[in-house]
Amino acid sequence: MLCIECGKREAKYDGLCEECFLKKVKFTSLPKHLDMTICPHCHAVKFGGHWESVPLEDALFRLVDRSIEFLHEYDSYELHISHGDIEGEFPVEARIDVHFKDIHAEEVHYITADIHYESCPRCNRFFGNYFEAIIQLRGMRENEVQEILNFVYERIEHHARKNENLFLTKEVEKREGWDLYLSDKREAKKIAREVCARYGASLKESPQLAGRKDGRDLYRVTYAVRLPDYRVGDIVEVEGNYLLVEDISGTFVKGINIEDGRKKSVDSKKHPVNLVVRRDEIEKAIVVYSRDGTVELLDRNNNIIDTKVEFEVRDGSTVRIARIGDDVYVLPE
Ligand SMILES: [Zn+2]
Ligand SMILES: [Zn+2]
């Protein structure tokens with residue numbers, strides 16, 4: 001069968017030869033004008049009914065891509081765009097390579113893109129000081145405040161990657177710790193729990209009625225995260241035993257019994273754990289002489305100390321010691 005248009009070449013597509021087909025058929029169409037809506041605060045871009053934080057370059061590409069209207073059947077296509085600076089009104093050239101059976105068609109469209117600014121819902125909330133939850137950090141030692149805050153920031157960032165409505169509204173330093181105001185109470189609870197798991201802190205949750213919305217009560221929640229008195233490296237007392245704390249995870253405290261060197265794990269929920277010596281109060285001493293479980297030490301003030309030890313220590317070595325009441329304990333390594 002010959003081409004119905006030219007009558008010379010063989011008809012291949014829609015009754016037309018390749019040449020006539022390419023002359024006659026348009027695969028794509030693009031509007032001459034394209035609107036792009038950007039949040040002036042966070043630069044999120046509006047796609048139909050939702051907002052996304054993507055680089056403007058990628059956003060422009062996607063907006064052009066989703067505006068393509070296909071006028072003919074095709075197998076695949078590639079879009080290439082080039083454009084002026086993304087601001088105000090700027091020109092965009094869109095080249096679409098269309099593949100259909102053996103045909104490769106290149107179609108070029110010229111568009112004028114127009115930037116509009118509109119505050120996104122997330123920023124509307126943010127700039128309205130919106131919050132649903134307060135995480136109260138309590139019981140922190142001065143030298144660890146920054147580390148714990150950094151951990152919380154890192155967790156907020158982590159969860160905000162999946163939930164763009166999560167942000168830190170404000171943070172307030174108090175005499176007793178820090179108050180962090182968060183926009184999402186569910187995420188706040190996750191983060192409060194993560195702090196608890198990492199630092200062995202306890203969590204108390206108290207909801208407060210904050211008003212009504214759409215006929216339902218609205219609650220704000222305060223998550224009080226209280227760190228325990230003890231830390232890894234401290235010595236605590238549990239049921240009459242002294243433990244050098246090696247690990248705290250949730251309510252579990254793991255350590256070494258400093259009298260016999262045995263490992264022990266306790267649940268602080270079931271057994272009260274009391275701080276006895278902080279890690280910065282642990283001293284060093286030199287072993288002058290040891291025999292049969294007795295040891296003579298020289299402390300940093302050159303005082304001689306005689307004490308007992310249940311494990312081997314080498315003469316001349318440096319050991320760590322803790323003073324509890326009138327007793328001096330050599331700590332297992
Ligand atoms: Zn033809
Ligand atoms: Zn925004």
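In the predicted model, helix α5 is followed by G200, a residue with a positive phi near 65°. The helix itself comprises 15 residues, from 185 to 199. At a rise of 1.5 Å a residue, a span of 21 Å is expected for α5, and because its end C-alpha atoms lie 21 Å apart, the two values agree.

Several residues of α5 are buried, namely K185, E187, A188, I191, A192, V195 and Y199. These residues lie on the same side of α5, because the arc that they cover around the axis is only 155°. An α-helix has 3.6 residues a turn, so residues three or four places apart point the same way. The buried residues of α5 pack against one helix, α4 (145-160), and against the strands β9 (133-138), β11 (177-182), β12 (202-213), β13 (216-226) and β15 (241-249).

Strand β15 also belongs to an open sheet of five strands, arranged in the order β17-β16-β15-β14-β18 with antiparallel pairing. The edges of this sheet are formed by β17 (263-267) and β18 (274-277), each of which pairs on one side only. Direction ignored, neighbouring strands of the sheet are turned by 45° against each other on average. Strands of a sheet pair through backbone hydrogen bonds, either parallel or antiparallel. At the β18 edge, strand β14 (residues 235-238) is joined to β18 by three bridges, and the two strands run antiparallel. Within this pairing, E237 stands opposite N274 of β18.

A further antiparallel pair is formed by strand β22 (residues 318-324) and strand β23 (residues 327-330), which are joined by four bridges. I321 has V330 in β23 as its bridge partner. The two strands form a hairpin with two residues between them, in which G325 adopts a positive phi near 60°.

With regard to the chain as a whole, the protein contains five helices and 23 strands. Its radius of gyration is 35 Å, whereas a compact globule of 333 residues would have a value near 20 Å. Taken along the principal axes, the box filled by the C-alpha atoms is roughly 115 × 50 × 35 Å. Of the 333 residues in the protein chain, 22% are buried. Among contacts with a separation of 6 or more, 51% are accounted for by residues 24 or more positions apart.

Key: Residues are numbered from 1 along each chain as its sequence is written. Chains are lettered from A and ligands numbered from 1 in the order in which they are written. This is a predicted model: local features need pLDDT of at least 70, side-chain atom pairs count only at pLDDT 80 or more; totals for chains, interfaces and linings use all residues. Two strands pair if DSSP finds at least two bridges between them. The radius of gyration is taken over C-alpha atoms; the globule rule is 2.2 Å times the number of residues to the power 0.38. A residue is buried if 20 or more other C-beta atoms lie within 10 Å of its own, exposed if 12 or fewer, and partly exposed in between; C-beta atoms are placed from the backbone. Two residues are in contact if their C-beta atoms, placed from the backbone, lie within 7 Å. Axes are lines fitted to C-alpha atoms, for helices over the stretch in contact, and angles run from 0 to 180 degrees between N-to-C directions. The expected span of a helix is 1.5 Å times one less than its number of residues. The arc is that of the directions from the helix axis to the C-beta atoms.
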